[in-house]
Amino acid sequence: MKASCTSCGKAFSFEESRFGGRPSVKVRCPSCKEVVTLEKPGDDGAAVAAARVSRESSPTQKLKRDDIVASAEGEILLPMPRDRRVSLALLSGKASGQVIHCERSRVIIGRSGADLSLDDEEVSRRHAALEIRDDRFFLKDLGSTNGTFVDERKITEAEIFDKGEFRIGGTQIMLIVTSTDEV
């Protein structure tokens, strides 16, 4: 049967027998590598691809502002502070010198399929998350293989402050918070 990726739009073939008795399956797009959910074909034989599961935006674009966001764990996150601009400056690693402006209350950092993708073999696919709650910023390790470090201390979750630095793999990152009046 033929299916289409909801992320990149590319058509690909999928063996119907792989559904087994299940009404849907999750598969990785052979082109863009995003995970999509395929629903078993109806009577007309057309496969339906549901909304993608992983990537929400490209790291080269501004991350969109959300009024309310639900985390992967289902936790409701608060809106971004309207009077602050939040950025991540990549201080070392292959993307050194880039500054990413965050306009989401939760930013996933990882090797692929993340809001901020880092080209670093030491970084897990979904390595860590920066969560913004009111005017406070929290860095959470998402069960990564090599850990997330704040002040060279391995963390599971830590509050991080303006000009605070953290390391993921070989990439040193600084959180920069400015007033929108200063921008």
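Two strands are said to pair when DSSP finds at least two bridges between them, and I start with that rule because the sheet I want to show you first is described entirely by its pairings. What you have in front of you is a predicted model, so please keep that in mind throughout.

With the rule in hand, let us look at an open sheet of five strands, whose order is E11-E10-E12-E13-E16 and whose pairing is mixed. At its edges are strand E11, covering 116-117, and strand E16, covering 157-160, and each of these pairs on one side only. Further in, strand E10, made of residues 106-110, runs antiparallel to strand E12, made of residues 128-133, and four bridges join the two. If you would like one position to look for on the screen, take Arg106, which stands opposite Glu131 in E12.

Let me step back to the whole protein for a moment. How many helices and how many strands does the protein hold? There are zero helices and 18 strands, and of its 183 residues, 42% count as buried. If we take the contacts with a separation of 6 or more, residues 24 or more positions apart account for 41% of them. The protein exposes about 9900 Å², and carbon and sulfur atoms supply 46% of that area.

Now to a pair of strands earlier in the chain. Strand E3, residues 24-28, has side chains that alternate: Val25 and Val27 point to one face and are buried, whereas Ser24, Lys26 and Arg28 point to the other face and are not buried. Five bridges join E3 to strand E4, residues 35-39, and the two strands run antiparallel. Within this pair, Val27 stands opposite Val36 in E4. As for E4 itself, the strand is mostly covered, with four of its five residues buried.

Staying with this early part of the chain, consider Phe12, whose place is in strand E2, residues 11-13. Is Phe12 buried or exposed? Its relative accessibility is 9%, and since buried means under 20%, Phe12 counts as buried. Its C-alpha atom is separated by 7.5 Å from that of Pro30, although the two residues are 18 residues apart along the chain.

The loops deserve some attention too, and I will begin with Ser144, which is found in the loop between strand E13, residues 136-141, and E14. You might expect to have to check whether a loop residue is covered, and here the value is a relative accessible area of 12%, so Ser144 is buried. Which residues does Ser144 touch, if we do not count those up to four places away in sequence? They are Ser124 and His127. For Ser124 we can also give a distance: Ser144 and Ser124 are 20 residues apart in sequence and 5.6 Å apart in space, C-alpha to C-alpha.

Glu121 is another loop residue, lying between E11 and E12. At 80% relative accessibility, Glu121 counts as exposed, because the cut-off for exposed is over 50%. The C-alpha atoms of Glu121 and Arg111 are separated by 7.6 Å, with their positions 10 residues apart along the chain.

Two further loop residues are worth a look for their backbone angles. Asp151 has a positive phi of about 55 degrees although it is not a glycine, and it is found in the loop between strand E14, residues 148-150, and strand E15, residues 153-155. With a relative accessible area of 70%, Asp151 is exposed. Lys163 likewise has a positive phi, of about 70 degrees, and is not a glycine; its loop is the one between E16 and strand E17, residues 165-168. Lys163 counts as partly exposed, at 47% relative accessibility.

Finally, let us turn to the empty space inside. Rolling a probe the size of a water molecule over the atoms shows where empty space is left. In this structure there is one cavity of 30 Å³ or more, and the largest cavity has a volume of about 40 Å³. Which residues line the largest cavity? The lining consists of Ser92, Gly93, Lys94, Ala95, Leu118, Asp119, Asp120 and Thr171. By type, these lining residues divide into two nonpolar, three polar and three charged.

How values were computed. Residues numbered from 1 in each chain as written. Heavy atoms only, no water. Buried < 20%, exposed > 50% of the residue type's maximum accessible area, 1.4 Å probe, protein only. 1 Å grid on protein atoms, 1.4 Å probe; cavity = no way out; pocket = protein on both sides within 12 Å on 5 of 7 lines; lining within 4 Å. Points joined across faces, edges and corners; volume = space filled by probe spheres on them. Nonpolar A, V, L, I, M, F, W, Y, C, P; charged D, E, K, R; others polar. Contact = heavy atoms within 4.5 Å. Areas by Shrake-Rupley, 256 points an atom, 1.4 Å probe, with all protein chains shown as cover.
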